[in-house]
Amino acid sequence: MIADSMSSSTLIPQRLCYGPTGSATSDKAVLTLKDVTAPGFREGCYGVCHYPAEALGGCVGPLAFDQMLWFGLELDTRLKDPSKFVAVQYEAEERQNVAVLTGAYLVLGQGWSANEVCIALPEDAALTLPCSWIDPGDLKTSHPRTPSMVVQDCWEGVQMARDLGWLSKDSVQDGVMTSLAASKFWKTTYQYDGAWLVPGDVFVMADPMTTIKDPDPVTCAAFCRERCADPAPEEDSLDEIRGISKCTASSRAQLPASASLPEEGAACWSDVGISGAVGEEAKPGASSEPLGHLGAGDQLAGMSTHTVCKAYRPGAGGGRGHGEWPEAKPFVDFLLEEGIRAVVRVNKPDERGLAEIGGSYDAGLLTSFGIRHANVFVSDATSDGAGAVPPDLAVRRFLSFARDTNMNPDGGSAILVHCKGGFGRSVFLACILVIHKYSVSGRGLLGWARIARPGAITTPEQEAVLRSLSGRADLSRRYGVSCEGECSMSRTPACCTVS
């Protein structure tokens with residue numbers, strides 16, 4: 001790093017510097033978030049698709065995968081002009097996001113390591129990025145639940161994706177590749193509310209019924225075509241669905257009359273899947289476990305389900321995507337096309353935000369198409385102090401099912417993990433699976449997950465567990481799972497297909 005008199009840092013001599021607004025001399029070509037004009041960059045604003053800005057709490061970034069690519073392409077294009085000395089500049093409130101984007105470009109476009117970026121930008125590396133949906137009040141005190149993810153984690157995540165072949169330099173140096181990868185990411189996010197954590201291997205998303213019930217005409221509107229099995233109860237009219245707003249602490253899901261509540265704060269999960277224990281195949285036509293009971297602790301404020309509830313609006317999401325894409329395929333068709341042959345549901349079918357729209361889906365509809373399914377129910381409550389971190393037994397049962405998902409060698413073997421919103425419990429378990437398969441750092445994976453799936457990881461406790469795992473050996477010690485026979489997957493470049 002070379003610092004000049006205006007407090008900017010020279011990253012590439014005579015080519016690229018970085019600093020706050022006004023730090024560059026007049027002979028430099030300034031690049032700010034406002035100068036990236038690609039519509040998919042969304043003016044450099046952080047957001048979570050399908051959710052209003054006010055629902056995001058104190059989370060400010062990092063920006064999404066497609067925004068990272070568009071910024072990288074713009075910066076690379078400017079650097080290709082040998083007559084220009086480019087100065088990346090930021091406003092104070094944008095600093096974390098600009099730092100992530102700049103470091104990501106250096107890793108992808110210039111071949112730097114995350115450590116080299118940290119040496120060049122040590123102050124920026126240590127900047128924190130509050131986890132998704134966090135209460136802004138927690139950021140103003142020395143509260144024990146304050147966030148711990150830092151910008152450096154994101155740089156390490158991008159390097160991890162590059163080194164494992166999930167991304168290549170073409171994604172920020174070739175406009176066609178950038179457009180294809182960014183558009184596929186946004187389309188998948190918009191139409192199905194999901195994203196690839198590992199391209200072609202591990203997919204995370206919201207419960208599909210939360211998307212199918214969205215009145216937005218661009219989102220997926222059917223569970224499957226051949227069976228015409230949209231499990232919507234007849235009494236749910238479109239007007240009622242449109243009236244659903246963001247859940248509040250006072251809202252109450254309807255429990256069956258015979259429901260008996262467990263003790264307050266008790267873990268509310270079951271390892272029972274369709275017609276048997278986790279890992280068993282469900283029989284065609286079999287239905288899911290009867291609607292689960294919400295624990296008494298789940299009815300209290302201070303749980304992530306209160307914030308991660310969609311606010312449906314007719315035509316929600318604005319014009320982005322409208323008229324650009326063909327009609328979204330039914331959910332099952334999407335799974336088959338993407339090579340997803342196993343689905344794990346982590347949410348209970350009648351959680352708040354699902355109960356109001358008729359509950360979750362009938363898993364027998366998946367198994368009738370040859371898609372394996374298992375329920376690994378995990379409580380979303382944070383009132384018990386666990387921070388919605390899945391219990392050890394749930395993790396072990398999940399990994400056991402995932403290990404058995406080496407099916408259909410000619411038809412794909414990717415696994416989909418979802419909870420209600422597809423941000424907390426499901427992403428945590430998916431990250432555990434990725435660490436187990438690839439032996440990667442939990443810190444880097446956390447940063448990558450937050451970029452690949454904006455809104456991911458909903459509590460500081462989930463965040464802290466992931467950051468404590470340096471690889472497969474740590475995972476084995478913590479959860480008592482065997483590492484024997486495990487090996488990293490192919491590292492053949494995936495041509496930036498995170499989507």
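In this predicted model, a good place to begin is strand β7 (residues 202–206), which pairs with strand β12 (residues 414–419) in the parallel sense over five bridges. To find the pairing on your screen, look for A206, which stands opposite C419 in β12. Helix α10 (residues 331–338) packs on the sheet here, where it touches β6, β7, β10 (340–345) and β12. The direction of α10 makes about 125° with that of β10.

Now step back to take in the sheet itself. It is an open sheet of five strands with mixed pairing, and its order is β6-β7-β12-β10-β11. Which strands stand at the edges? They are β6 (194–198) and β11 (372–375); each has a single partner strand, so one side of each is left without a neighbour in the sheet. From one strand to the next, the twist averages 20°.

Let us move toward the start of the chain, to strand β5 (residues 86–90). Is this strand mostly covered or mostly uncovered? β5 is mostly covered, with five of its five residues buried. If you follow the side chains, V86, V88 and Y90 point one way, while A87 and Q89 point the other way, and all of them are buried. The neighbours of β5 are worth tracing too. Strand β3 (residues 16–20) runs parallel to β5 and is joined to it by five bridges; within that pairing, Y18 has V88 as its bridge partner. Strand β4 (residues 29–31) also pairs with β5 in the parallel sense, over three bridges. There, L31 stands opposite V88. V88 is therefore a handy residue to select on screen, because it is buried, is the bridge partner of Y18 and stands opposite L31, and buried here means under 20% relative accessible area.

Next comes a pair of helices. Two packed helices are described by the angle between their axes and the distance between the axes. For helix α2 (residues 95–109) and helix α5 (residues 151–163), the angle is about 25° and the axes lie 9 Å apart. Angles under 35 degrees count as roughly parallel, and α2 and α5 are therefore roughly parallel to each other. Their crossing is right-handed. On the α2 side, the contact is made by Q96, A99, V100, G103, A104, V107 and L108; these meet V151, C154, W155, V158, Q159 and R162 in α5. Sorted by character, the residues of this contact divide into nine nonpolar, three polar and one charged.

One residue farther along the chain deserves a visit: Q462, found in helix α15 (residues 460–467). Is Q462 buried or exposed? Its relative accessibility is 0%, so Q462 counts as buried. What does Q462 touch, leaving aside residues up to four places away in sequence? Its contacts are G387, A388, V389, G424, R425, F428 and I457. Take G424 as an example: this residue and Q462 are 38 residues apart along the chain, with their C-alpha atoms separated by 7.8 Å.

To finish, here is the protein as a whole. Its secondary structure comes to 16 helices and twelve strands. Of its 499 residues, 59% count as buried. Among the contacts with a separation of 6 or more, 80% are accounted for by residues 24 or more positions apart.

Notes: Residues numbered from 1 in each chain as written. Predicted model: local features only at pLDDT ≥ 70, side-chain atom pairs only at ≥ 80, totals over all residues. Heavy atoms only, no water. Axes fitted to C-alpha atoms, helices over the stretch in contact; angles between N-to-C directions. Helix = DSSP H or I, 4+ residues; strand = E, 2+ residues; numbered from the N terminus. Parallel < 35°, antiparallel > 145°, perpendicular 65-115°, else oblique. Left-handed = near helix turned anticlockwise from the far one by under 90°. Contact = heavy atoms within 4.5 Å. Nonpolar A, V, L, I, M, F, W, Y, C, P; charged D, E, K, R; others polar. Pairing = 2+ DSSP bridges. Buried < 20%, exposed > 50% of the residue type's maximum accessible area, 1.4 Å probe, protein only.
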